[in-house]
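Q: I'm new to this structure and would like a close look at a single part of it. Could you walk me through the empty space inside and what sits around it?

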Amino acid sequence: MITEVQNYFIHQSEIYGKDFYLDLKKSSSVVTEPPPTTQTIEQFNSEIKDCHKCELSKSRTQLVFGSGASDAKLMCVGQAPDSDSDKQGRPFSGATWELLSKILLAIKFPIDDIYFANVIKCHPPENRDPQEIEITECLPFLNTQIELIKPVVILALGRTAAQSLLGVRESVVSLREKENYYRDIPVFVTHHPGDLLKNSELKRATWEDVQKLRKVFDELAN
Ligand code: SF4
């Protein structure tokens with residue numbers, strides 16, 4: 001029987017050949033370096049667009065890779081494409097996208113300067129939460145996206161994004177009170193805009209979180 005770790009190595013070898021290594025010093029989770037080539041985010045997209053590594057390949061219309069500026073200093077990470085995103089091929093869509101855009105514009109981030117992605121690249125049926133095995137299979141793709149984009153700051157939207165990036169099991173409520181890092185990159189944890197649409201009482205906390213992000217971003221990026 002293949003263990004999760006063996007499965008991980010098989011997966012990585014299929015993508016990168018033998019040219020990947022582990023950095024266990026800076027993270028509790030297993031993280032890969034991007035391939036040592038001039039690979040671009042677009043090349044990486046075409047490399048994985050036919051991925052069938054988990055069951056979600058059967059329920060998707062298309063793999064939703066990510067969108068936005070390939071040199072973005074801010075990267076926003078959500079959970080998975082919903083049914084509209086699945087059809088449109090964009091990581092966020094509809095009312096969720098409208099609210100997220102408004103929040104980011106309110107802290108003066110031009111939308112075109114940001115990169116957006118999800119932990120999971122294929123739409124889970126009925127918009128259900130992704131399963132552990134699906135996260136394990138798909139997370140290396142997000143790791144590589146981050147390595148290629150090289151953001152200064154990451155905004156993790158919701159539990160799946162926060163826990164997957166940070167390699168922890170804590171709640172959003174707990175993580176948003178802490179200083180978090182993905183490798184050396186500050187990660188600000190807040191509620192997913194989809195959750196704000198269901199519970200407007202979360203908006204106040206989200207507003208506080210993004211204002212903190214803006215402050216740190218200005219210190220680091222300027
Ligand atoms: S969810 Fe990720 S691992 Fe699963 S098929 Fe889609 S791209 Fe591949």
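**The cavity and its surroundings**

A: The largest cavity has a volume of about 100 Å³. Keep in mind that this is a predicted model, and the count comes to one cavity of 30 Å³ or more. In general, rolling a probe the size of a water molecule over the atoms is what shows where empty space is left.

So what lines it? There are 15 residues around the largest cavity, and the ones nearest its centre are C51, C54, C122, C138 and F141. Sorted by class, that lining has eight nonpolar, two polar and five charged residues.

Let's follow F141 outwards. Besides lying near the centre of the largest cavity, F141 belongs to the α5 side of a helix contact, along with T144, Q145, L148 and I149, while α2 brings I41, F44 and I48. If you want to find the two helices, α2 covers residues 41-48 and α5 covers residues 132-149. They pack at an angle of about 165°, with their axes 10 Å apart. Since an angle over 145 degrees counts as roughly antiparallel, that makes α2 roughly antiparallel to α5. The crossing of these two helices is right-handed. As for the character of the contact between α2 and α5, it has six nonpolar and two polar residues, with no charged ones.

α5 has another partner too. It packs with α6 at an angle of about 75°, and here the axes are 11 Å apart. The two are therefore roughly perpendicular to each other. On the α5 side, the contact uses I135, L139, L142 and I146, and on the α6 side T160, S164 and L165. By class, that gives five nonpolar residues, two polar ones and no charged ones.

From α6 you can step over to another space, the second largest pocket. α6 (159-166) and α8 (193-198) each supply at least two residues of its lining. The largest share comes from α8, with four residues. About 510 Å³ of space lies in this pocket. It is lined by 25 residues, and the closest to its centre are Q79, H192, G194, D195 and K198. By class, the lining of the second largest pocket has nine nonpolar, ten polar and six charged residues.

To retrace the route: start at the cavity with F141 near its centre, go along α5 to its contact with α6, and end at the pocket that α6 and α8 help to line.

How values were computed:
Residues are numbered from 1 along each chain as its sequence is written. This is a predicted model: local features need pLDDT of at least 70, side-chain atom pairs count only at pLDDT 80 or more; totals for chains, interfaces and linings use all residues. Side-chain values use heavy atoms; hydrogens and water are left out. Axes are lines fitted to C-alpha atoms, for helices over the stretch in contact, and angles run from 0 to 180 degrees between N-to-C directions. Angles under 35 degrees count as roughly parallel, over 145 as roughly antiparallel, 65 to 115 as roughly perpendicular and the rest as oblique. A crossing is left-handed if the near helix is turned anticlockwise from the far one by less than a right angle, and right-handed if clockwise. Contact means heavy atoms within 4.5 Å. Ala, Val, Leu, Ile, Met, Phe, Trp, Tyr, Cys and Pro count as nonpolar, Asp, Glu, Lys and Arg as charged, and the others, Gly among them, as polar. On a 1 Å grid over the protein atoms alone, a cavity is a set of points where a 1.4 Å probe fits but cannot get out, and a pocket is an open set with protein on both sides within 12 Å along at least five of seven lines; lining residues have an atom within 4 Å of a point. Grid points are joined across faces, edges and corners, and a volume is the space filled by probe spheres set on the points.
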